[in-house]
Amino acid sequence: MTGREGPDGRTLVKSLGELPQSIEPPRDLWPTIEARLGGIEAPAPAATAAQSIGRRRSARLRWLAAAAMIASVAVGVWIGRSLLPLPGAVPGARSPASAANDTSAVTGAPTALDAAYVADPRYERQRAELLRSLQTRLAALPPASRAKVMASLETIQRAKEDLERALGRDPGNALLQELLVNTYQDEMRVLTDVREASDPGEGI
Amino acid sequence: MTEAQAGDSRVDWEGALLQRARAGDTRAFERLYREHAGKVYGLCLRMTRDVQLAEDCTQDTFINAWRALAGFETRSSLSTWLHRIAVNVSLAKRRKSSPVEPAPEESEDAPAAWTVETPVEVEEIETAIGALPDGARDALVLHALYGYSHGEAAQMLGIAEGTCKAQLHRARKLLRERLGMEVN
């Protein structure tokens with residue numbers, strides 16, 4: 001403002017352009033604004049908007065692929081549990097002794113060994129393919145990430161071995177069967193994540 | 001440092017803050033708020049004539065600006081962009097609380113300068129401006145106080161340029177009556 005002072009100390013102006021454009025708010029409005037900003041997603045640069053759409057789409061595809069993989073494991077295991085016979089057994093023929101010890105003979109539920117050793121060929125193919133490229137992909141990861149992945153896979157492998165041993169002793173245990181399926185799914189998830197993380201343009 | 005250099009330096013500084021704010025840095029956005037809050041609040045207060053509403057409009061202006069930061073082109077003035085948002089927010093808030101007044105006939109002519117015959121106290125002239133009808137006051141505030149052209153003010157207000165000029169004529173006539181002196 002470029003106004004002049006009147007005789008009583010009050011500011012006089014001769015043009016509207018001399019009026020102050022800026023008027024300070026009577027209180028600090030920032031704390032309320034800041035609190036409201038907390039609930040709003042940070043603004044994304046316009047230049048990367050297309051990239052972020054691509055990333056979202058890629059993440060969605062990744063999850064779909066993982067979900068499909070998990071589904072194929074589950075379906076494979078279910079098929080194995082429901083339809084395929086035990087190795088060495090004659091379909092529909094069980095010895096009275098085994099039928100007495102095996103609760104599945106009464107309920108018609110599949111045995112643990114069915115679940116543990118029969119898998120969908122597509123799952124086997126995908127797993128084998130992921131394992132083939134695992135070393136190369138691990139080499140592309142930062143050392144800290146590589147160590148984490150290795151530790152996870154070792155833990156999963158130990159869990160699988162423990163569960164299979166336990167199922168050997170208690171083939172009808174539904175909880176052990178479920179845990180084994182979950183462990184296979186965990187392994188597939190880690191392998192898929194390693195593949196995605198080591199692909200160009202993707203990150204952990 | 002020349003005035004132009006100072007202006008460039010301010011723009012550079014503002015550009016750096018904008019870049020940080022776009023990346024989600026609320027501290028940088030706060031500094032932009034501190035720089036522009038007075039002008040935004042002044043505009044909102046003159047458009048709404050209500051302290052509480054003006055505070056709400058100022059807050060909404062900066063919230064909307066944060067949401068839209070990604071779309072702001074750094075080639076244009078941040079101040080003008082914020083004023084556009086403030087005008088939209090103020091008009092929307094005012095529409096909720098009062099009916100829209102009929103627009104005057106379009107005009108091809110409008111006062112170029114806004115001077116009074118003899119110096120007037122700021123408070124007196126602000127009161128006279130505050131008493132103007134909404135449409136006339138909006139056009140006057142944007143054009144005579146904030147220096148926007150007829151076309152820019154019309155665009156911000158969402159009216160035809162001729163209507164904006166007619167509102168300015170009306171504002172001059174009413175100010176002349178209220179201040180008891182010629183307004184050129």
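Me: What makes the crossing of α3(B) past α4(B) left- or right-handed?

Reply: In this predicted model, α3(B) passes α4(B) in a right-handed crossing. The word goes with a clockwise turn of the near helix from the far one, by less than a right angle.

Me: Why are α3(B) and α4(B) called parallel, perpendicular or oblique to each other?

Reply: Start with the value: helix α3 (residues 51-68) of chain B and helix α4 (residues 78-97) of chain B pack at an angle of about 130°, their axes 9 Å apart. Perpendicular covers 65 to 115 degrees, and antiparallel needs an angle over 145. The angle of about 130° fits neither range, so the pair belongs with the rest, and α3(B) and α4(B) are therefore oblique to each other.

Me: Which residues of α3(B) and α4(B) meet?

Reply: On α3(B), they include B:Leu53, B:Asp56, B:Cys57 and B:Asp60. On α4(B), B:Leu82, B:Ile85, B:Ala86 and B:Val89 are among them. By class, this contact of α3(B) with α4(B) has seven nonpolar, three polar and three charged residues.

Me: How about α7(B) and α8(B): what makes them roughly parallel or roughly perpendicular?

Reply: Again, look at the angle. The axes of helix α7 (residues 150-157) of chain B and helix α8 (residues 161-179) of chain B come within 8 Å and cross at roughly 105°. The perpendicular range runs from 65 to 115 degrees, and that makes α7(B) roughly perpendicular to α8(B). Among the residues that meet here are B:His150 and B:Leu157 in α7(B), and B:Glu161 and B:Lys165 in α8(B). Sorted by class, the contact of α7(B) with α8(B) has four nonpolar, three polar and two charged residues.

Me: How do you know that chain A and chain B touch, and how many residues are in contact?

Reply: Contact here asks for C-beta atoms within 7 Å. By that test, 33 residues of chain A are in contact with 35 residues of chain B. On chain A's side, α1(A) gives the most, with six residues. That side of chain A divides into 19 nonpolar, eight polar and six charged residues.

Me: Which residues let α1(A) and α3(B) make their contact?

Reply: α1(A) and α3(B) pack at an angle of about 35°, with their axes 10 Å apart. A:Thr32, A:Ile33, A:Arg36 and A:Leu37 come from α1(A), while B:Gln59, B:Phe62, B:Ile63 and B:Trp66 come from α3(B). The contact of α1(A) with α3(B) counts five nonpolar, two polar and one charged residues.

Me: What makes β2(A) and β1(B) a pair of strands?

Reply: The cut-off is at least two bridges. β2(A) and strand β1 (residues 115-121) of chain B have three bridges and run in the antiparallel sense, so they count as paired. In this pairing, A:Val13 stands opposite B:Val120 in β1(B).

Me: Where does pLDDT stay under 50 in chain A?

Reply: One stretch is residues 46-55 of chain A, with five contacts beyond four places in sequence. Another is residues 82-118 of chain A, with 42 such contacts. Where pLDDT is low, the predicted coordinates should not be read in detail.

Me: Which elements of chain A have the lowest and highest mean pLDDT?

Reply: Helix α4 (residues 103-107) of chain A has the lowest, 37, and α1(A) has the highest, 94. Chain A as a whole has a mean pLDDT of 66, with 53% of its residues reaching 70 or more. Chain B averages 86, and 84% of its residues score at least 70. For the complex, the predictor gives an ipTM of 0.82 and a pTM of 0.54.

Key: Residues numbered from 1 in each chain as written. Chains lettered and ligands numbered in written order. Predicted model: local features only at pLDDT ≥ 70, side-chain atom pairs only at ≥ 80, totals over all residues. Axes fitted to C-alpha atoms, helices over the stretch in contact; angles between N-to-C directions. Helix = DSSP H or I, 4+ residues; strand = E, 2+ residues; numbered from the N terminus. Parallel < 35°, antiparallel > 145°, perpendicular 65-115°, else oblique. Contact = placed C-beta atoms within 7 Å. Nonpolar A, V, L, I, M, F, W, Y, C, P; charged D, E, K, R; others polar. pLDDT = per-residue confidence, 0-100.
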